[in-house]
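Q: Hi! I'm new to this one and would love a quick tour. Could you pull it up for me?
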Amino acid sequence: MRARVAEAWVEAPLQRFVDDARVQFALLLHPSGQVLGQFGFTRAVDVMAACALGAAIHASAGELGKELDGHPFRELYHAGRDRQVFIAEAPTARGALVLLTAFDAESSLGLVQVYFRELRDALQQAAPPAVESGPALDGNFESDLNRSLAVLFGRAQQPAAGPAKSSSPSA
Amino acid sequence: MSTPYTDVLSAVTRQRGVLGCLLVSEADGIIVEANVQVGIEAGVAGALVASLYRRARLGTDAAGLATVGFLQLEAEQGHVCAVGRDGLVLATLAEPKAHIGLIRSAMLRALEVL
């Protein structure tokens, strides 16, 4: 299975991550909840729900980390009975991105951490430069979100490569 | 800082040709304790060796060969050795000229006291 992306520059790093780390699900999203790439999901509604929850968890954990430690928590890990969830932030020239991934006993936390570091480095290198900054949630956020989901599930074409706003990637 | 595992790892790293010794959680691939030479990425090596050991253990189990006694991987520039017990993997990285027999017995002795 191939990773599906809304922006072409995240495809190769994300595909390599899921191949190497052997995860079951992976989502690469903007902290606002807008999806950039996914692996393992078959329904747009599941991606939408996972993005919303992942963004909320990431934001909450960031604030909790600031309260407790003075800095946002960098990585979050939750071990379930059969599956485990790992959430971490990857800074890029287009702003921070959030990886949410779920894996089972085929992988391990150590492997996911190792390959997440490679993904983070690859995204930093692959990210096109940002030319404009804007609000995290601008006026057309909902239509951007829907367009991202449509691209991910093959209902729309990927946008042409070009500069984008740093805090709200166009999709 | 000394931990309950420091002496166990020291007994292995004392062997000639040993580049490092790591105690790793088999399920998580997370380092419990490591004593490695500068330049070796303990976290990366630990996660990968734990995964390798786990798969070897599952493989021998599926083949009806019971548990893995001693895992040795020979590479161009050295050896990776691993033994495991109760969810922990003791991994050793060694130079090509290292005496694997001595390392093996040191690791098996260390495994008994884990």
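Q: Let's start with Tyr77(A): which residue is its bridge partner in β5(A)?
A: That's Phe86(A). Keep in mind that this is a predicted model.

Q: Okay, and what stands opposite Ala79(A) in β5(A)?
A: Gln84(A) does.

Q: How many bridges join β4(A) to β5(A)?
A: Five, and the two strands run antiparallel, with β5(A) covering residues 84-92. They form a hairpin, with four residues between them.

Q: What about β5(A) and β6(A), how many bridges do they pair over?
A: Nine bridges, again in the antiparallel sense. One pair to look at is Ala90(A), whose bridge partner in β6(A) is Leu97(A). These strands form a hairpin too, with two residues between them.

Q: Zooming out, in which order do the strands of the sheet come?
A: The order is β1-β3-β2-β6-β5-β4 in chain A, so to speak from one edge to the other. That makes six strands in an open sheet with antiparallel pairing.

Q: And which strands stand at the edges?
A: β1 (4-5) and β4 (75-79) of chain A. Each has a single partner strand, so one side of each is left without a neighbour in the sheet.

Q: What holds paired strands together in general?
A: Strands of a sheet pair through backbone hydrogen bonds.

Q: New topic: which strands does helix α2 of chain A lie across?
A: Helix α2 (residues 44-69) lies across β2 (25-29), β3 (35-39), β4, β5 and β6 (95-103) of chain A.

Q: At about what angle does α2 run to β2(A)?
A: About 65°.

Conventions: Residues numbered from 1 in each chain as written. Chains lettered and ligands numbered in written order. Predicted model: local features only at pLDDT ≥ 70, side-chain atom pairs only at ≥ 80, totals over all residues. Pairing = 2+ DSSP bridges. Contact = placed C-beta atoms within 7 Å. Axes fitted to C-alpha atoms, helices over the stretch in contact; angles between N-to-C directions.
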